[in-house]
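Subject: Structure for you to look at

Hello,

I am passing on the structure below, with notes on what was found in it. Please read them with the model open.

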Amino acid sequence: MRLVAWNIRSGGGARIEGIAAALAAWQADVITLSEFRRTEASRWLAEHLHELGYVHQRMAETPSNAHNGVFIAARQPMSAVRCAAAPSEPGRWLMVRFEAPYPLQVGVMHIPNQVTGRKGDFHEAVLEVARRWRNKPAIMLGDTNSGRINLDEENPVFNAATHAWFDHLKARGFEDAFRFHHGDRREYTWYSPNAGNGFRLDQAFLSRPLMSRLRSVRHEWARPDPDDRRDVLSDHAALIVDLHRP
């Protein structure tokens with residue numbers, strides 16, 4: 001089973017056909033997107049994915065069509081999962097359950113930047129969700145705007161609280177899939193537009209019952225042409241997680 005998490009940047013805009021082509025090429029079972037919008041471009045993408053067989057779709061509620069939201073498209077049926085502890089910020093959290101081909105709960109998140117002052121509350125909500133999901137096959141993934149000090153950054157930006165969030169998630173039974181699979185390997189999923197410093201901002205966290213089924217996890221920059229710059233379709237790399245079927 002393959003899951004893709006990708007921040008498509010501001011709804012996709014004029015890049016939407018290239019984004020659609022990249023998603024089709026990855027042949028995922030479940031596609032999760034951040035910065036999806038209810039604009040013409042994003043609606044076109046949803047319709048195109050439907051034509052490709054991703055007929056089951058959900059988007060988090062947003063204040064307006066122009067606001068960023070998280071979105072899930074899948075080939076198999078899914079149902080919404082309600083959790084009182086889940087982050088309440090509009091558009092940034094969506095939790096679903098798949099029963100086939102095997103039970104799996106998926107939480108998609110787009111955590112606010114530190115400068116908003118809302119990041120800490122979001123972190124705490126995710127930790128509470130993780131606590132309640134214990135001993136269930138589950139994955140939480142997306143653009144977390146978070147990382148570990150001196151490991152997920154080329155320039156100092158993460159603080160002690162953000163660093164500790166990864167430890168707290170692990171203590172609650174959720175492993176950072178990339179670190180579990182690749183150890184201290186340095187890779188970045190976003191680069192600052194001015195200084196060009198890299199940061200690993202996109203992660204997938206797997207519950208312990210799911211870790212034994214982790215086959216691979218990787219980042220991929222979508223380049224329609226090998227000579228294209230890495231951010232031609234999005235300023236984020238896609239996160240691709242492959243799971244063994246039980």
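To begin with a helix: α2, residues 40-51, lies across β2, β3 and β4. Its direction makes about 175 degrees with that of β2. Please keep in mind that this is a predicted model.

The sheet

The strands under α2 belong to an open sheet of six, with mixed pairing. Read across, the order is β3-β4-β2-β1-β14-β13. The edge positions are taken by β3 (56-59) and β13 (214-220); each has a single partner strand, so one side of each has no neighbour in the sheet. From one strand to the next, the twist averages 10 degrees.

At the β3 edge, the partner is β4 (residues 69-74), and the two strands run antiparallel, joined by four bridges. To find the pairing in the model, look for R58, which stands opposite I72 in β4.

A second helix on the sheet is α1, residues 16-26. Helix α1 touches β1 (2-7), β2 (30-36), β13 and β14 (238-243). The angle between the direction of α1 and that of β1 is about 160 degrees.

The two helices

Two packed helices are described by the angle between their axes and the distance between the axes. For α1 and α2, the axes come within 10 Å and cross at roughly 30 degrees. Angles under 35 degrees count as roughly parallel, so α1 is roughly parallel to α2. Their crossing is right-handed.

The residues that meet there are as follows:
- from α1: I16, E17, I19, A20 and L23
- from α2: A41, W44, L45, H48 and L49

A residue in a loop

The last item is T189, in the loop between α5 (177-182) and β10 (190-191). Is T189 buried or exposed? The relative accessibility of T189 is 0%, and buried means under 20%, so T189 counts as buried.

Two polar contacts of the T189 side chain can be followed in the model. One reaches the backbone nitrogen of L201 at 2.9 Å. The other is with the side chain of D202, at 2.5 Å.

Which residues does T189 touch, leaving aside its neighbours within four places in sequence? The contacts are F199, R200, L201, D202, H219, W221, D235, H236 and A237. One of these, H219, falls within β13 (214-220), the edge strand that α1 also touches.

Regards

Methods: Residues are numbered from 1 along each chain as its sequence is written. This is a predicted model: local features need pLDDT of at least 70, side-chain atom pairs count only at pLDDT 80 or more; totals for chains, interfaces and linings use all residues. Side-chain values use heavy atoms; hydrogens and water are left out. Two strands pair if DSSP finds at least two bridges between them. Axes are lines fitted to C-alpha atoms, for helices over the stretch in contact, and angles run from 0 to 180 degrees between N-to-C directions. Contact means heavy atoms within 4.5 Å. Buried means under 20% relative accessible area, exposed over 50%, partly exposed in between (1.4 Å probe, protein chains only). A polar contact is a pair of N or O atoms within 3.5 Å; within protein, one must be able to donate a hydrogen and the other to accept it, and residues adjacent in sequence count only if both atoms are side-chain atoms. Angles under 35 degrees count as roughly parallel, over 145 as roughly antiparallel, 65 to 115 as roughly perpendicular and the rest as oblique. A crossing is left-handed if the near helix is turned anticlockwise from the far one by less than a right angle, and right-handed if clockwise.
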